[in-house]
Amino acid sequence: MIKMHETSDIETIPIKKDIWDIVSYIDSIFVWAIETETSDIHIEPLKNFLLIRFRRDGDFQIFDKINRENISGMITRLKVLAKVKIDENKKPQDGKIVFFYEAEWVQVDIRFSSLPTTYWEKIVMRILKQDASLTSIDKLWLIDVNLEKVREALKTKYGIILVSGPTGSWKSTTLFWVLKNYNPLEYNISTLEDPIEYDIEYVHQSQVKPQIWYTFAAGLKSLVRQDPDIIMVWEIRDEETAVLAVEAALTGHLVISTIHTNSAPGTVQRLINMWVEPFLLSSAMKMVISQRLAKRICSQCKAEYHPTQAEKTMVHTYLEPIIDANEIENMIFYEWVWCEKCGGSWYKWRLWIHEVLIIEEYLEPMILQKKSANEMRDKAIEHWMITIVQDGLIKATLGDTTIKEAFKLI
């Protein structure tokens, strides 16, 4: 059994002097990462040793410290697996490793990224183990009112649907869940991705390559001539892609994509700032799902938590617009307690916190007048949009997360 270490223990962890079998050692890293449901593996050459860290549930744990003499062998082996240039160490490289995980008899895709640093090349690998349960809408942790909004919006045949949020908020997971709601044998579905992370049967997936000028914008121009019903664009990064995506949505296609914004109303303002004409935007946009991740309480060891007076005041401030004050007063919240099931990490996995904005008639004049995100947010709240913080607090009182996690979303 491999022992994981907390980052605070880094000085006391011994440095392994030698790795006799690099191939077996790297395989053990992959196996342990998959079994512990790690999202990212970091291979970090430092001045005195090679540090191997795992990111689990958003936090780092240390897997191992290795003597610097093993760096060359480790990096070379990983480059061979990723099918990138072994002798290139002056610029970043991206690749993909396909690892066969014997315990479940499945292939696991591992995204590889190298970056030149002071002491050698740093390697980061993302584990892309597909979860078949993501075809179930319940796995997205949508509360009932948002679930109904999303289901209704997905009935549309044209328009643009966006998933927004910061890096690492699992936007792509939500994006693929949306795709899985459509039978690809009944639709012509095409994607533009960077990189292609999951293989989806009967969906036509295309890898953009900016180095040869095959960008998202260039790909979109080609895709609309492929008789598509649904177009998935991995990310709207620039003005040209934004304009083309909206134009495609207005010509009878359903376009789904992600964008980096902090709120659902802020997404509308971001597109206007990217020079998308407001009159096009008001007609094309159907829905924005803004999301964050919060730590989820282990169901086996959670205990009742009594909020401080300051926390109670904040709960009332955020929830009174949507919930009766007496109900709020009787709400029960929970906190983490250590148990073997959650591995001593004080929490078990994470869950989505959402803000779902449906673009309805009341918003159209505000978009045309280029109103601010705050003004659109206030109007959306009047029409029963549940904000990110409200959704977090609702999930806290349901026992899914904690009140402190919800307040981190402010």
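Accessible areas were obtained by the Shrake-Rupley method with a 1.4 Å probe. On this basis, the protein, examined here as a predicted model, exposes about 20400 Å², of which carbon and sulfur atoms supply 50%. Buried residues likewise make up 50% of the 410 residues.

The chain contains 14 helices and 15 strands. Its C-alpha atoms occupy a box of roughly 65 × 60 × 40 Å along the principal axes. The radius of gyration is 23 Å, which agrees with the value near 22 Å that a compact globule of 410 residues would have. Among the contacts with a separation of 6 or more, 67% join residues 24 or more positions apart. With respect to charge, 48 positive and 58 negative side chains are present, and the centres of the two sets lie 5 Å apart.

Two loop residues were considered for their backbone geometry. Most residues other than glycine have a negative phi. Y202, although not a glycine, has a positive phi of about 70 degrees. This residue is located in the loop between strand 8 (189-193) and strand 9 (204-207). Y202 has a relative accessible area of 47% and is therefore partly exposed, since the exposed class begins over 50%.

W213 also shows a positive phi, near 70 degrees, in a residue other than glycine. The position of W213 is in the loop between strand 9 and helix 5 (216-223). The relative accessibility of W213 is 72%, so this residue counts as exposed.

Definitions and conventions: Residues are numbered from 1 along each chain as its sequence is written. This is a predicted model: local features need pLDDT of at least 70, side-chain atom pairs count only at pLDDT 80 or more; totals for chains, interfaces and linings use all residues. Side-chain values use heavy atoms; hydrogens and water are left out. Helices (H or I, at least four residues) and strands (E, at least two) are DSSP runs, numbered from the N terminus. The radius of gyration is taken over C-alpha atoms; the globule rule is 2.2 Å times the number of residues to the power 0.38. Buried means under 20% relative accessible area, exposed over 50%, partly exposed in between (1.4 Å probe, protein chains only). Contact means heavy atoms within 4.5 Å. Lys and Arg count as positive and Asp and Glu as negative; His and the chain ends are not counted. The place of a charge is taken as NZ of Lys, CZ of Arg, CG of Asp or CD of Glu.
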